[in-house]
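Open the model in your viewer and keep the selection tool at hand. Each stop below tells you what to pick and what is there.

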Amino acid sequence: MAAGADSCFLGFDFSTQQLKVVAVDGNLEVIHQNSVQFDSELPEFRTHGGVHIHADKLTVTSPALMWVKALDVLLEKMRNTGFDFSRVKAISGSGQQHGSVFWRKGARRTLNQLDPQKHLHHQLQECFAVRDSPVWMDSSTSDQCQCLETAVGGAQRLADITGSRAYERFTGNQIAKIYHSKPKEFSETERISLISSFASSLFLGDYAAIDYSDGSGMNLMDIFEKQWSRVCLDAAAPQLAERLGDLTPSTAVLGCVSLYYTERYGFAESCNVVAFTGDNPGKRMFWSLQVSLGTSDTVFLWIRGPRPSVEGHIFCNPVDCSAHMALICECVCVCARVSVSGVYFDVMEITPPFAGVHRFNAEGQRVASFEHEMEIRALIEGQFLAKRVHAEKLGYKIIAGTRVLATGGASSNKDILQVLSDVFSAPVYTIDVTNSACLGCAYRALHGLEADAGASFTETLRNAPEPQLAVRPAPGAQEVYTPLMLRYAALEDQLLKDHQKSLHLL
């Protein structure tokens with residue numbers, strides 16, 4: 001066991017609206033939490049919700065320097081509370097997925113020569129060729145997505161290689177846009193990082209490799225070969241492999257923290273930096289099925305033998321390099337009951353990609369509305385029916401012994417959890433920590449020290465606090481929801497066909 005009684009491990013999360021950290025001790029108990037809110041604590045960057053939404057309402061960016069200054073502020077906060085950095089044996093972290101940072105030529109030299117007497121943001125302020133980084137909320141790259149899919153032979157072929165069809169927010173398409181719209185800035189770029197590898201670069205004092213799991217969310221990486229796809233790179237921008245650098249296993253120890261942190265904050269020189277990953281993979285703990293119930297719902301599935309589809313995503317698993325994980329993000333509210341069915345696409349959804357509100361009665365006829373109480377219940381049921389249907393399309397199977405881990409704000413609502421349990425025919429558990437990405441990365445920091453010796457993530461966490469049972473499936477739930485899933489799947493297939501026909505007529 002790498003963790004002694006006085007050891008601790010840090011997990012950082014560079015999320016959309018804030019930078020957060022969780023510290024766990026050698027028994028994996030949470031001993032410290034802290035955060036920096038971008039809008040309120042760093043008002044000079046003038047973000048709203050941590051981002052800049054541009055005039056076209058499609059382009060969404062965040063200042064790279066804001067994330068650097070947030071790290072300065074966070075570490076100062078921790079030091080002011082008396083946190084003992086010398087106890088930290090390893091750190092890891094996550095960054096909002098798909099976002100990218102464009103390092104200017106010469107930035108590596110600056111990272112290598114950080115002065116512990118100065119703040120990071122003062123030293124790195126001239127290090128970014130693109131000052132405002134594209135983030136996951138950006139949807140301005142439809143043209144680049146179409147070009148990429150055409151170059152590789154279609155949406156399904158791209159999914160077969162990279163795990164996903166072309167998505168506007170994915171990094172490869174954002175890089176292609178920068179290359180065409182900002183050629184000067186692109187030519188000045190010596191390295192392109194994901195936000196996760198950018199964050200680990202700050203701690204290493206050198207460029208950090210992109211990990212397999214976060215690299216899976218770029219539309220650039222072959223998720224089965226675990227290397228850059230040449231056809232995808234060529235479709236995005238020239239000399240891209242050199243700018244992206246090598247890939248690394250998500251469990252890899254990248255090195256020790258820069259002397260900057262030992263001299264300024266008292267980190268041990270031996271403190272290891274384990275590869276940072278994306279915030280979605282970072283939330284994946286050690287359960288085969290996890291549902292994050294936040295402002296957007298996300299399902300995480302641990303799978304072997306994945307079947308890539310044009311709906312949903314397949315990523316490399318962040319804690320088991322031999323496995324993959326499926327992710328279904330912002331699934332539609334698909335409502336189906338014994339007597340009525342409805343499909344609600346309030347805004348353009350990721351899975352499936354169209355908008356509208358559609359209600360059907362028991363005979364499959366469209367209706368204008370449902371009774372209020374029925375509609376509320378149907379909305380909740382439908383969200384989870386959609387998730388299970390899409391999970392099974394990607395290769396996940398509900399089997400005896402399956403358990404669901406629910407995280408996020410809505411996981412405190414037992415009525416919602418009961419519906420989740422009934423639809424998935426599995427008991428639902430919760431954890432008493434809101435910052436699941438940070439906690440997962442603190443656990444990953446410890447696992448990174450043990451992975452080389454062959455320890456699995458589950459073995460590493462054998463002493464971690466157990467999630468608590470929240471609800472079990474109600475008697476007879478499986479008999480009710482199995483036919484409803486078939487009904488939902490048929491309705492969605494028909495609506496997708498109708499939507500595609502309408503697009504061809506435009």
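Select Met-137. This residue sits in the loop between strand S8 (132-134) and helix H5 (142-152). The model is predicted. Met-137 is partly exposed, with a relative accessible area of 32%. Add Ile-53 and Trp-136 to the selection. Together with Met-137, they make a nonpolar surface patch of about 260 Å².

**Strand S7 and helix H9**

Now pick Ser-100, in strand S7 (residues 100-104). Is Ser-100 buried or exposed? Ser-100 is buried, with a relative accessible area of 0%. Show its contacts, leaving aside neighbours within four places in sequence: among them are Ser-133, Pro-134, Thr-171 and Ile-195.

Ile-195 leads to the next stop, helix H9 (residues 195-204). How many of the ten residues of H9 are buried? Ten of the ten are, so the helix is largely enclosed by the rest of the structure. The buried residues include Phe-198, Leu-202 and Phe-203. Step just past H9 to Gly-205, which takes a positive phi of about 70°.

**Two loops with positive phi**

Most residues other than glycine have a negative phi. Select Lys-226 for a positive value in a residue other than glycine: its phi is near 55°. Lys-226 lies in the loop between strand S11 (221-222) and strand S12 (227-228).

Move on to Gln-239. Its phi is positive too, about 50°, although Gln-239 is not a glycine. Look for Gln-239 in the loop between helix H11 (230-236) and helix H12 (240-244). Gln-239 counts as exposed, at 58% relative accessibility.

**Salt bridges**

A search of the whole structure finds 14 salt bridges. Start with Arg-79 and Glu-76, whose side chains meet at 2.7 Å, N to O. Both are in helix H2 (residues 64-80); being three residues apart there, they are separated by about one helical turn. An α-helix has 3.6 residues a turn, so residues three or four places apart point the same way. Compare the two partners. Arg-79 counts as partly exposed at 32% relative accessibility, whereas Glu-76 is buried at 17%.

Next, select Glu-188 and Lys-184. Their side chains also form a salt bridge, at 2.7 Å, N to O. Lys-184 counts as exposed, at 56% relative accessibility.

Then jump to Asp-493 and Lys-393, a salt bridge of 3.8 Å, N to O. Asp-493 lies in helix H19 (residues 477-505) and Lys-393 in helix H15 (residues 372-393), so this pair ties together parts that are 100 residues apart in sequence. Asp-493 is partly exposed, at 35% relative accessible area. Lys-393 counts as partly exposed as well, at 33%. Add Glu-311 and Glu-492 to see a network of salt bridges linking these residues with Lys-393 and Asp-493.

**Strand S20**

Select Cys-329, in strand S20 (residues 324-329). Cys-329 is buried, with a relative accessible area of 11%. Now add Val-299, 30 residues away along the chain. The C-alpha atoms of Cys-329 and Val-299 are separated by 6.6 Å.

**The two domains**

Zoom out. Colour domain 1 (8-282) and domain 2 (289-432 + 475-505) separately. Their centres, taken over C-alpha atoms, are separated by 30 Å. The contact takes 25 residues from domain 1 and 21 residues from domain 2. Between them, the domains bury about 1800 Å², 60% of it on carbon and sulfur atoms. On the domain 1 side, select Arg-165, Tyr-167 and Asn-280. These residues lose the most area to domain 2, together 24% of what that side buries. How many salt bridges are there between domain 1 and domain 2? The count is zero.

Terms used. Residues numbered from 1 in each chain as written. Predicted model: local features only at pLDDT ≥ 70, side-chain atom pairs only at ≥ 80, totals over all residues. Heavy atoms only, no water. Patch = residues over 30% accessible without salt bridge, like charges linked within 9 Å, V, L, I, M, F, W, Y side chains within 5 Å. Areas by Shrake-Rupley, 256 points an atom, 1.4 Å probe, with all protein chains shown as cover. Salt bridge = Lys/Arg side-chain N within 4 Å of Asp/Glu carboxyl O. Helix = DSSP H or I, 4+ residues; strand = E, 2+ residues; numbered from the N terminus. Buried < 20%, exposed > 50% of the residue type's maximum accessible area, 1.4 Å probe, protein only. Domains from an automatic or database assignment. Contact = heavy atoms within 4.5 Å. Buried area = accessible area lost by both parts, 1.4 Å probe.
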